[in-house]
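User: Can you walk me through this one? I'd like to start with the ligand.
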Amino acid sequence: MKNDKLEVTVIGGSGYVGGELLRLLLRHPGVRISQVTSRKFVNLDVSLLHPNLRGVTDLKFSNPDEVRHSDLIFLALPNGESMNSMEKWLSLSEKVIDLGADFRLKDAAEWQHWYGKEHVLPDWLSRFVYGLPEIYRREIKSARYVAGPGCEAAVSILCLYPFIKNNIIKSHPIIIDAKMSSSQAGSKASWASHHPERAGAIRSYKPTNHRHQAEIEQAFRPFSGEVAVSISATAVEMVRGILVTIHAFLDKEIGEKEIRAILKKEYGNEPFVRIIKMNRGLYRYPEPKILQGTNFCDLGFELENRTSRLVIIGAIDNLVKGAAGNAVQCLNLMSGFPEETGLEFTGLHPV
Ligand SMILES: NC(=O)c1ccc[n+]([C@@H]2O[C@H](COP(=O)([O-])OP(=O)(O)OC[C@H]3O[C@@H](n4cnc5c(N)ncnc54)[C@H](OP(=O)(O)O)[C@@H]3O)[C@@H](O)[C@H]2O)c1
């Protein structure tokens with residue numbers, strides 16, 4: 001701590017999640033960013049890569065090999081990278097929040113199954129707390145090491161949690177139809193992300209076996225044993241945002257009023273979860289477009305009595321509640337700041 005501010009370092013600061021961390025942390029009254037790293041852009045202005053930060057900061061990128069000690073390190077590295085260097089980051093900070101996938105699963109064999117290689121630090125998996133504050137708030141408050149959820153997993157878990165916890169839906173089939181934006185794939189361009197290929201596409205890119213299924217099933221194991229969740233992911237024409245439409249089947253008869261009561265009980269006091277199911281006005285169900293830049297997760301639902309189907313609809317900004325904003329929420333809990341600090345942006349309309 002310098003001048004009573006928490007000193008934080010952002011590793012992987014030139015990427016999309018790193019950029020969002022900077023945007024949020026630069027306006028956080030209790031935090032000072034001491035270092036931001038990039039291998040490719042050492043000594044260049046952060047605002048060169050994140051032009052929305054022009055005039056807001058004169059920070060420059062530094063080399064990840066020259067990082068000094070700080071109070072908390074954020075890791076915004078590609079999946080499979082943080083486990084290779086984690087021992088170094090742990091020696092350089094009391095607290096670490098990793099936004100990649102390396103420490104989200106508790107079981108090394110399961111991690112290997114989904115990520116296709118052996119985990120480098122299997123003993124450390126159990127030491128990371130899964131960083132979804134609405135469900136693991138108490139654990140995050142006392143944690144030193146937090147693994148941020150996958151964006152698609154975060155919104156799906158928040159949608160399903162009240163229903164699985166209260167035994168409202170059958171544990172399978174639960175089908176998550178996920179519409180994904182392009183920023184989810186990170187800032188590194190690829191053949192498939194080239195504008196003429198990506199623009200205008202509705203691309204079914206992961207109809208089965210999406211990795212985030214493992215995180216979602218892990219989160220629900222303590223409540224109902226084996227839950228089988230299936231994701232079908234489609235890339236759509238958005239830069240930011242995820243919309244999930246979840247199809248689940250009721251285990252008992254229940255009406256809309258009771259569902260509203262269950263959601264209110266679970267999320268009524270949550271600062272970032274809103275129940276959206278309106279009879280009038282604009283955007284009557286959750287809509288990622290109006291969540292851009294915000295830390296909100298909007299949830300809605302509809303019941304189909306004839307087929308006992310419960311449709312749960314969830315929306316977030318993948319880079320905020322799905323990544324950087326959620327991680328700042330975790331920092332606030334870990335450091336004793338009010339949970340909403342730095343996350344007050346309400347979004348824009350129209351946008
Ligand atoms: N995008 C999303 O919507 C989203 C949502 C939730 C979670 N996440 C997770 O967040 C992480 C970052 O995602 P992103 O979208 O920001 O990716 P990105 O745009 O590709 O950024 C990755 C960053 O890591 C740096 N980097 C890459 N390899 C490195 C290495 N070996 N050592 C040090 N720095 C390295 C890159 O910069 P240099 O090459 O200049 O060093 C870059 O700054 C991923 O693990 C992703 O799964 C992403």
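User: Which residues come nearest to the ligand?
Analyst: This is a predicted model. In it, 31 residues surround the ligand. Gly12, Gly15, Gly100, Gly186 and Ser187 come nearest.

User: What kinds of residues make up that shell around the ligand?
Analyst: There are 15 polar residues, 12 nonpolar and 4 charged.

User: And which element gives the largest share of the shell?
Analyst: Helix α1, residues 16-25. It supplies 3 residues.

User: Which domains does the shell draw on?
Analyst: Domain 1 (6-148 + 323-335) and domain 2 (152-316). Each gives at least three residues.

User: OK, new topic. What unit does α1 belong to?
Analyst: A β-α-β unit, made with β1 and β2. The unit is right-handed.

User: How do β1 and β2 pair, parallel or antiparallel?
Analyst: Parallel, over 5 bridges. Strand β2 covers residues 31-37. One pair to look for is Glu7 with its bridge partner Arg32 in β2.

User: How many bridges join β1 to β4?
Analyst: 4 bridges. Strand β4 is residues 70-75, and these two strands also run parallel. Find Thr9 and you'll see Ile73 of β4 opposite.

User: Why is β1 said to be largely enclosed?
Analyst: Because 5 of its 6 residues are buried. Strand β1 spans residues 6-11, and the rest of the structure largely encloses it.

User: Where do side chains point in a strand, generally?
Analyst: In a regular strand they alternate between the two faces of the sheet.

Terms used
Residues numbered from 1 in each chain as written. Predicted model: local features only at pLDDT ≥ 70, side-chain atom pairs only at ≥ 80, totals over all residues. Near = placed C-beta within 6 Å. Nonpolar A, V, L, I, M, F, W, Y, C, P; charged D, E, K, R; others polar. Domains from an automatic or database assignment. Buried ≥ 20, exposed ≤ 12 C-beta atoms within 10 Å, placed from the backbone. Pairing = 2+ DSSP bridges. Right-handed = clockwise from strand over helix to strand, strands pointing away.
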